[in-house]
Amino acid sequence: QHYIKQTILSGMKQIEVSDTSKIPADCNVNIDRRRVTVTGPRGILMKNFKHLQCELIPNKSSITIRVWFANRKAIACVRTICSHIENMFTGVRQGYKYKMKRVYAHFPININIINDNTLVEVHNFLVEKFVRKVNLLPGVTCKPTGN
């Protein structure tokens with residue numbers, strides 16, 4: 001699916017390395033100085049790639065990531081940026097579902113979910129008397145399954 005274009009120089013570095021990522025029809029992409037904003041049906045995601053020396057070139061239906069005179073680490077970053085952008089498309093189109101398990105070796109951990117599944121209380125974590133409380137972000141809910 002992905003083809004990384006490489007122009008080889010006779011030494012250790014490569015002249016140009018580029019890869020493209022297709023933009024889905026129901027997503028909008030805005031690139032401002034290596035800061036990528038993806039807008040879709042489920043919301044907006046932003047990611048900053050200013051720490052990497054690359055070019056992000058938006059087209060009508062794709063994004064091209066290009067690096068000039070790249071060493072081995074910079075070549076690896078091209079595909080990583082592509083994967084990050086595609087994960088952003090997945091997030092604004094379908095969303096993500098995380099499953100967490102509570103696991104303990106000796107001391108049992110008790111978890112209570114209260115306030116309409118928006119507050120999680122953790123009791124007896126590492127044999128502490130302190131009750132840890134985690135407020136979930138807006139739009140995030142938690143529901144227990146199993147025992």
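Start by selecting residues 28–32 and 35–40 in this predicted model. These are strand 3 and strand 4, which pair in the antiparallel sense over five bridges. To see the register, show Ile31 and Val36: Ile31 stands opposite Val36 of strand 4.

Next, add residues 43–48, which make up strand 5. Strand 5 pairs with strand 4, again in the antiparallel sense, over six bridges. Here Val38 and Leu45 make a handy landmark, with Val38 standing opposite Leu45 in strand 5. Follow the chain from strand 4 to strand 5 and you trace a hairpin with two residues between the strands.

Now zoom out to take in the three strands together. They form an open antiparallel sheet in the order 3-4-5. Strand 3 and strand 5 are its edges, each pairing on one side only. Neighbouring strands of the sheet are turned by 15° against each other on average, ignoring direction.

With the sheet still displayed, select residues 72–93 to bring up helix 1. Helix 1 packs on the sheet and touches strand 3, strand 4 and strand 5. Its direction makes about 165° with that of strand 5.

For the last stop, turn on side chains and look for the largest nonpolar core, a set of 23 residues. Leu56, Ile65 and Ile81 have the most contacts inside it. Strand 4, strand 7 (62–70) and helix 1 each supply at least two residues of this core, and the largest share, nine residues, comes from helix 1.

Which residues does Ile81 touch, leaving out those up to four places away in sequence? Centre on Ile81 and you will find Phe49, Leu52, Cys54, Leu56 and Ile65.

Technical notes:
Residues numbered from 1 in each chain as written. Predicted model: local features only at pLDDT ≥ 70, side-chain atom pairs only at ≥ 80, totals over all residues. Heavy atoms only, no water. Pairing = 2+ DSSP bridges. Helix = DSSP H or I, 4+ residues; strand = E, 2+ residues; numbered from the N terminus. Axes fitted to C-alpha atoms, helices over the stretch in contact; angles between N-to-C directions. Contact = heavy atoms within 4.5 Å. Core = buried A, V, L, I, M, F, W, Y, C linked by side-chain atoms within 4.5 Å. Buried < 20%, exposed > 50% of the residue type's maximum accessible area, 1.4 Å probe, protein only.
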